[in-house]
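Thanks for making time for this. I will put the structure up and then go through it region by region.

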Amino acid sequence: MPGSPDSTAESAVEELVERRRGKLHPAIARAREAVRATLAELPQGTTVLVACSGGTDSLALAAATAFEAPKLGLRAGAVIVDHGLQPDSAHVAATAAEQCRTLGLDPVQVRAVEVGSDGGPEAAARAARYDALRDAADELAADVVLLAHTRDDQAETVLLGLGRGSGGRSLAGMAPAVGRLRRPFLEVPRATTAAACIASGLRPWHDPHNDDPQYTRVRVRHEVLPVLEEALGPGVVEALARTAGLLRADADALDLLAADVAETALSRAEGEVRADVGVLTDEPTAIRTRVLRQAALEAGCRATDLTAGHVAAVDALVTDWRGQRWIDLPQGIRAIRKGGFIILGPDVTG
Ligand SMILES: Nc1ncnc2c1ncn2[C@@H]1O[C@H](COP(=O)(O)OP(=O)(O)OP(=O)(O)O)[C@@H](O)[C@H]1O
């Protein structure tokens with residue numbers, strides 16, 4: 001029988017905390033080491049911002065960053081996004097900001113956002129959060145924003161992708177570095193961030209959403225992973241995160257190859273994107289579908305709405321041509337085969 005949802009994590013935390021009272025706690029050391037590895041790649045004088053919700057992971061990240069950044073000649077601040085989704089959200093944000101200031105981070109900014117409804121509440125909150133983080137980074141002239149996703153978050157992301165039947169790019173999970181974003185804790189277990197907070201005397205905010213079983217991620221965390229660990233062994237989280245890393249390397253290589261093919265295969269004219277069937281036909285599926293996905297995005301589909309099923313339907317216009325009509329894609333985009341081209345755009349069927 002798997003234990004109660006939090007019991008495994010709690011005992012791991014207690015064990016870590018008990019093991020070395022008195023010395024620098026191993027969890028604090030681990031958190032700092034992970035942050036140091038990320039920050040060491042940045043030039044002196046860089047400004048980094050910790051994206052801090054006040055939760056366990058991001059508070060541990062704030063503490064480790066406040067400790068490591070000055071030693072590397074970096075300036076470290078924090079940004080707290082107030083999504084306004086709970087009555088006490090302003091208070092939660094103010095408390096997190098105060099904790100960040102006490103840790104020595106400066107500047108610390110709270111940004112209130114309006115969460116829309118596009119794509120459901122979780123996706124809308126995420127989109128608003130990432131916009132706010134980008135705006136804060138612009139305003140505070142920050143070169144890098146640190147996110148506190150852990151190895152457990154990565155494992156959950158892989159399982160969620162598997163459940164959706166996603167392809168390699170999605171199963172590759174979250175990237176350690178993309179644009180200005182960095183994720184120093186991607187190989188750090190959640191139990192370590194929790195232990196680091198306890199050992200540092202930090203009091204994280206407990207997000208009630210993290211216990212709400214209406215969210216698929218919460219069910220994966222509390223119900224699916226404990227069963228997998230019971231059946232497959234305690235290394236399953238680590239194994240899933242490792243798989244993500246391996247698939248990331250593969251997906252990156254395929255993206256590079258596909259970008260080369262796209263240069264020859266795609267052309268743009270008057271709001272349309274054209275994909276040359278002659279060029280795509282002899283390419284392997286992994287390359288064809290990547291190029292067609294890029295074509296659909298360039299034509300105006302949103303990445304979050306464009307599914308593998310959409311791309312497969314467009315691909316069938318290349319590989320299984322039987323004179324079928326157009327394919328409807330998100331955002332009112334259509335794909336149609338005309339002559340030797342797949343033409344994608346809002347108005348291609350006239
Ligand atoms: N309200 C927020 N303000 C600023 N950054 C945030 C906020 N919510 C989340 N983040 C950042 O995005 C990361 C992932 O968000 P998610 O909601 O998945 O967090 P989490 O795993 O519950 O982490 P935490 O325990 O820090 O809340 C967080 O670790 C944090 O760096």
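**Loops, domains and the ligand site**

I will start with a loop: Pro107 sits between α4 (89-103) and β3 (108-112). The peptide bond that leads into Pro107 from Asp106 is cis, with omega near 5°. Please keep in mind throughout that this is a predicted model.

Now the overall layout. The protein chain falls into domain 1, residues 7-246, and domain 2, residues 270-345. Between the C-alpha centres of domain 1 and domain 2 the distance is 36 Å.

UniProt, in an unreviewed entry, has two domain annotations to set beside that. One is "domain: tRNA(Ile)-lysidine/2-thiocytidine synthase N-terminal", listed for residues 48-223. That span is 49% helix and 14% strand, and its end C-alpha atoms are 36 Å apart. The other is "domain: tRNA(Ile)-lysidine synthase substrate-binding", which UniProt, again in an unreviewed entry, places on residues 277-334. Here the composition is 53% helix and 5% strand, with 16 Å between the end C-alpha atoms.

Next, the ligand. How many residues surround the ligand? The shell has 17 residues, and the closest are Ala51, Ser53, Gly55, Ser58 and Ala148. Sorted by class, the shell comprises 7 nonpolar, 6 polar and 4 charged residues. Two elements, α3 (56-71) and β2 (75-82), supply at least two shell residues each.

The record has something to say here as well. Under "binding site", the unreviewed UniProt entry lists Ser53, Gly54, Gly55, Thr56, Asp57 and Ser58. I will take two of these in turn.

Ser53 belongs to the loop between β1 (47-51) and α3. Is Ser53 buried or exposed? Ser53 counts as buried, because 20 C-beta neighbours lie inside 10 Å, and 20 is where the buried class begins. Beyond its neighbours within four places in sequence, Ser53 is in contact with Ser58, Ala96 and Asp207.

Asp57 is in helix α3. With 25 C-beta neighbours inside 10 Å, Asp57 is therefore also classed as buried. Its contacts, leaving aside neighbours within four places in sequence, are Ala148, Thr150, Phe185, Arg190 and Thr193.

Two helices come next. Helix α6 covers residues 151-164, which is 14 residues. Why does its length look regular? At 1.5 Å a residue the helix should span 20 Å, and its end C-alpha atoms are 20 Å apart, so the two agree. The buried residues in α6 are Arg151, Asp152, Asp153, Gln154, Ala155, Glu156, Thr157, Val158 and Leu159. They pack against α7 (168-171), α8 (190-200), α9 (216-232) and α10 (236-265). Just after α6 comes Gly165, with a positive phi of about 75°.

Helix α10, one of those packing partners, has 30 residues. From first C-alpha to last it reaches 41 Å, close to the 44 Å expected at 1.5 Å a residue. Buried positions in α10 include Val237, Leu240, Ala241 and Ala244. Further along α10, Ala251, Ala258, Ala262 and Ala265 are buried too.

On to domain 2, residues 270-345, beginning with Leu297, which is in helix α12 (residues 285-299). Leu297 is partly exposed, because 15 other C-beta atoms lie within 10 Å. Not counting residues up to four places away in sequence, Leu297 touches Ala303 and Leu306. Leu297 and Leu344 are 47 residues apart in sequence, and their C-alpha atoms are 9.6 Å apart in space.

Asp328 can be set against Leu344 in the same way: 16 residues in sequence, and 9.9 Å from C-alpha to C-alpha. Asp328 lies in strand β9 (residues 327-328). Asp328 counts as exposed, because it has 12 C-beta neighbours inside 10 Å, and exposed means 12 or fewer.

Last, two backbone angles to check. Which sign does phi take at Ala141, positive or negative? Phi of Ala141 is positive, near 50°, in a residue other than glycine. Ala141 is in the loop between α5 (121-139) and β4 (144-146), and with 8 other C-beta atoms within 10 Å it is exposed. Gln331 also has a positive phi, near 60°, and is likewise not a glycine. Gln331 lies in the loop between β9 and β10 (334-338). With 12 other C-beta atoms within 10 Å, Gln331 is exposed.

Key: Residues are numbered from 1 along each chain as its sequence is written. This is a predicted model: local features need pLDDT of at least 70, side-chain atom pairs count only at pLDDT 80 or more; totals for chains, interfaces and linings use all residues. Domain bounds come from an automatic or database domain assignment. UniProt positions are given in the numbering used here, feature names are shortened, and annotations may be inferred rather than shown by experiment. Helices (H or I, at least four residues) and strands (E, at least two) are DSSP runs, numbered from the N terminus. A residue is near a molecule or strand if its C-beta atom, placed from the backbone, lies within 6 Å of it. Ala, Val, Leu, Ile, Met, Phe, Trp, Tyr, Cys and Pro count as nonpolar, Asp, Glu, Lys and Arg as charged, and the others, Gly among them, as polar. The expected span of a helix is 1.5 Å times one less than its number of residues. Two residues are in contact if their C-beta atoms, placed from the backbone, lie within 7 Å.
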